[in-house]
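Subject: Structure for you to look at

Hello,

Here is the structure I promised to pass on. Please open it first, then read my notes below.

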Amino acid sequence: MSILIYAESAEGKFKKVALELASYAKNVADAMGTTVTAVTVNATDVSDLAKYGVSKVLKVSNDKLANFNAKAYADVIKQAAEKEGTKLVVLSSTTDSLYLAPIVAVNLNAGYASNVVALPVSTSPFQVKRNAFSNKAFNITEISTDVKVIGLAKNSFGLAEGAVSLTEEDFAPALNDADFNIKTENVEKVTGKVTIADAEIVVSAGRGLKGPENWGMIEELASVLGAATACSKPVSDIGWRPHSEHVGQTGKPVAANLYIAVGISGAIQHIAGINASKVKVVINNDPEAPFFKVADYGVVGDAFEVVPKLIEKLKAFKANNA
Amino acid sequence: MKILVCISHVPDTTSKINFANGDTEFDTNGVQFVINPNDEFGLTRAIWFKEKQGATVTVVNVGGSDTEATLRKALAIGADEAIRINANPTDGLFVAKELAEVVKNGGYDLVIAGTESIDYNGGMVPGMLATLLGYNFINACINIEVDGNNATAIREIDGGKETVSTTLPLVIAGKKGLVEEKDLRIPNMRGIMMARSKALAVNEPTSSASATKAVKFEKPAPKSAVKLVSADNLDELVNLLHNEAKVI
């Protein structure tokens, strides 16, 4: 009864969250005296998973699954779990995995806990620590069902290499027409730019920037750091930046390694959306801005002077550390 | 079209979060409760369908009598009737099972719920509900159009969006984008007066099945004070980010 993970891939390559998931599951498996099996959909080279502790991969190759389809993918995971006699299924917290997990849980008669941020508090009874109240608190949740599903919050565990030998097996689950009741008509992806979902670093700006014409320096700062750009709610409401960049309680959540906030005062709803980020830097000319209370590092100063200087310093740093 | 909007009764977004009884319960003292923001977008979209295409809108909540004020607000915004399942919502599966009973009995074509609630953030009720019912399901939905039995929706994906098509009956988990924040309805006096005479049914729960339970709550450890770096010494900030925080 190994632990089953769904290892997400895009264009045949594993996403970083899949490797984080493998690292996490390996640690849980060690504590429970078992191993990790991964199920993959249309992934070509699965050897990376072995580096992070996966000892068996069920490889599904099916053109009908070229586009993500929650019901069909959930069927794949369910059948993989049943085939392996799995008692614990672990998914990540990408948009696709958040879509899948509740469906998988019902299909397996399993209890489900999402937003899990650490190794289980206890494996018997099975208790996990998860984010709740929009990252303002943690909740210890006990799952009482025989089969359990958990969702690992992004960037909450990190990568931990632990190579094992890997067995690959082709797996062809049975799919039916009803699995494809939702038809993909069109996919629009931002290309050539780091997106908030994938970003390790996010550079975000607020009304302190005074107008959309001033975002050039924010984009340049993001570009130097290989970061995604984001914004506060008022900025997207006014239309200075697209809604897809709005982070906060009703916008996108950010769990980056580094979050840099420029000219954002730090409303409680904004903080809730970024609180899962590890290191927070705030640049603001108001020393009383509430954001400084949750920041790790702060610069009190005019964004129009600080940001260009910071860009120069970072460029010099990158040149010296290339 | 018969639309059911699932309403979660949650602490206002600015609420300070505290716990009581040895950190085993959420402390509701001094907390103002509101319609879950993601549900509010769904409710406004449902009212839009009612006004533009003709639909009936029922709102439903699983909760004690204290949640009726939230349901009345939804009625004042424009829902036609409300149902309260008289139970303490113990976990997402329990809520989904109770909602599934309401959907089966009411024969709803479109069920709209919020992608997640801002209290427990489980994000599981809509997907579980759809699966229990065998309905089509679209998560993280930011636009929905219905034409007869056909629906077209846009959902968020990591790094973009995707347009999908399907048929009713359908469950969607919605969020901001279903309508814009500026278009959210606020109850007016006429709506508030009318809401008083609208039906609010109270149903008893049909089961007590839960798969999980909240054992204990914790608040994050207090943060150490911010390290301020002079605007004239940004080399120090770069140094701290590299050597101390190890994030660049």
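How do the residues of the lining of the largest cavity divide into nonpolar, polar and charged? The split is 5 nonpolar, 2 polar and 2 charged. Please keep in mind that this is a predicted model.

Cavities

There are 2 cavities of 30 Å³ or more in the structure. The largest has a volume of about 60 Å³. Chain A lines it with A:Phe68, A:Asn69, A:Ala70, A:Tyr99, A:Ile182 and A:Thr184. Chain B adds B:Arg155, B:Glu162 and B:Val164 to that lining.

The second largest cavity holds about 40 Å³ of space. A:Phe133, A:Ser134, A:Lys136 and A:Gln249 line it from chain A. From chain B come B:Pro11, B:Asp12, B:Ile17 and B:Ile118. Here the lining residues divide into 4 nonpolar, 2 polar and 2 charged.

Helix 5 of chain A

This helix covers residues 216-225. Its buried residues are A:Met217, A:Ile218, A:Leu221, A:Ala222, A:Val224 and A:Leu225. They sit on the same side of the helix, because they cover an arc of only 160° around the axis. The spacing fits a general rule: an α-helix has 3.6 residues a turn, so residues three or four places apart point the same way.

What do the buried residues of helix 5 of chain A pack against? Their partners in chain A are strand 14 (201-205), strand 15 (228-231), strand 16 (258-262) and helix 8 (303-320). A:Gly226 follows helix 5 of chain A, with a positive phi near 65°.

Best wishes

How values were computed
Residues are numbered from 1 along each chain as its sequence is written. Chains are lettered from A and ligands numbered from 1 in the order in which they are written. This is a predicted model: local features need pLDDT of at least 70, side-chain atom pairs count only at pLDDT 80 or more; totals for chains, interfaces and linings use all residues. Side-chain values use heavy atoms; hydrogens and water are left out. On a 1 Å grid over the protein atoms alone, a cavity is a set of points where a 1.4 Å probe fits but cannot get out, and a pocket is an open set with protein on both sides within 12 Å along at least five of seven lines; lining residues have an atom within 4 Å of a point. Grid points are joined across faces, edges and corners, and a volume is the space filled by probe spheres set on the points. Ala, Val, Leu, Ile, Met, Phe, Trp, Tyr, Cys and Pro count as nonpolar, Asp, Glu, Lys and Arg as charged, and the others, Gly among them, as polar. Buried means under 20% relative accessible area, exposed over 50%, partly exposed in between (1.4 Å probe, protein chains only). Helices (H or I, at least four residues) and strands (E, at least two) are DSSP runs, numbered from the N terminus. The arc is that of the directions from the helix axis to the C-beta atoms. Contact means heavy atoms within 4.5 Å.
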